[in-house]
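Let's take a walk through this fold, one piece at a time. Have the structure open as you read.

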Amino acid sequence: MKRIVAAAAALGCVMAGVASAQAGETLDRVMKNKVLLEVTDQAYPPFSFMNDKGEMDGFDIDVAKEFAKRLGVDFKVETPSWAIITAGNWKGRWDICICSMTPTKERAEVLDFTNEYYAAPAVIVVNSDNNDIKSAADLSGKKLGAEAGTTYEKYIEKQLVIDVPGVDPVKPEFPFDDATAVPYDSEDTAFQDLGLGGGKRLDAIVSGYLTAKERIAKSDGKFKMVGDTLYAEPIWVAVDKGDPEWDAKIKEIFTAMEADGTLAKISDKWVGKDISSKQ
């Protein structure tokens with residue numbers, strides 16, 4: 001009888017170990033390989049961009065590097081298209097997206113959102129020669145650029161629903177008639193087209209306030225922001241679905257990074273103020 005009980009107990013321990021490995025598949029992989037695979041946008045300054053040395057740099061990159069450091073592993077970043085990132089079903093290709101992503105209903109079906117780490121609004125950017133667009137109400141019938149797969153493209157199409165975990169979904173106001181969304185693989189290309197002049201290829205771009213501010217500051221007067229902010233964007237860390245142990249570890253590390261001032265320090269470096277607290 002004792003042998004049977006001992007065998008059953010041993011089997012129970014084995015099964016518990018298997019369950020734990022399954023629940024923590026991503027964390028197990030990261031710790032085994034000793035590297036964190038971050039996925040992000042290649043052209044979203046000041047959060048992620050290629051610097052003069054040909055290396056990925058920015059707020060999100062620094063946050064991801066610090067996260068990897070606290071795990072005790074190396075850091076690697078890859079930059080597929082935004083549409084591929086937000087499609088989910090990563091199947092182990094990437095471990096985490098500290099990549100300025102906003103939770104939406106569609107994304108929540110294929111990704112888990114673990115924690116908010118900053119917030120920033122969406123805005124309208126026009127060529128400086130454009131005096132016709134002064135607010136969102138003036139976007140009717142216009143050609144509006146946005147990076148493909150972003151909340152900005154969904155906003156232009158009047159399909160955006162922000163769906164933060166634990167909060168009722170929020171649908172922004174759309175104070176314009178139908179407009180044409182012009183999707184781009186990169187915001188770099190969208191701003192290049194807008195730089196040709198208002199109405200030539202684009203009438204305006206819908207983008208995030210902080211990256212728009214960065215681009216405007218470096219444009220030699222080519223662009224300007226107009227109107228009020230369009231909607232608030234809570235920014236969360238995203239991961240592939242179905243790994244609660246990994247989700248818990250991410251929350252644990254980010255809580256510590258916020259508590260000890262690390263997130264505030266990184267945000268001050270890149271945008272000149274603390275955007276790490278929830279707004």
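Before we look at any helix pair, one convention: an angle from 65 to 115 degrees between axes counts as roughly perpendicular. Keep in mind, too, that this is a predicted model.

Now find helix α2, residues 25-33, and look at how it meets α9: the two pack at an angle of about 65°, with their axes 6 Å apart. By the convention above, α2 and α9 are therefore roughly perpendicular to each other. On the α2 side, T26, L27 and V30 make the contact, and α9 brings E245, W246 and K249. Sort the residues of this contact by character and you get 3 nonpolar, 1 polar and 2 charged.

Helix α9 also turns up in the surroundings of α10, which spans residues 262-271. Which residues of α10 are buried? They are T262, L263, I266, S267, W270 and V271. These sit on the same side of α10 because they cover an arc of only 130° around the axis. Turn to the other side of the helix and you'll see K265 and K269, both exposed. The buried residues pack against α3 (59-71), α8 (209-217) and α9 (244-259), as well as strands β3 and β4. Just past the end of α10, G272 takes a positive phi of about 80°.

Those two strands lead us to the sheet. It is an open one, with 3 strands in the order β2-β3-β4 and antiparallel pairing. At the edges, β2 (43-44) and β4 (56-57) each pair on one side only. Strand β3, residues 48-50, is joined to β4 by 2 bridges, and M50 has M56 of β4 as its bridge partner.

Notes:
Residues numbered from 1 in each chain as written. Predicted model: local features only at pLDDT ≥ 70, side-chain atom pairs only at ≥ 80, totals over all residues. Heavy atoms only, no water. Pairing = 2+ DSSP bridges. Helix = DSSP H or I, 4+ residues; strand = E, 2+ residues; numbered from the N terminus. Buried < 20%, exposed > 50% of the residue type's maximum accessible area, 1.4 Å probe, protein only. Arc of directions from axis to C-beta. Contact = heavy atoms within 4.5 Å. Axes fitted to C-alpha atoms, helices over the stretch in contact; angles between N-to-C directions. Parallel < 35°, antiparallel > 145°, perpendicular 65-115°, else oblique. Nonpolar A, V, L, I, M, F, W, Y, C, P; charged D, E, K, R; others polar.
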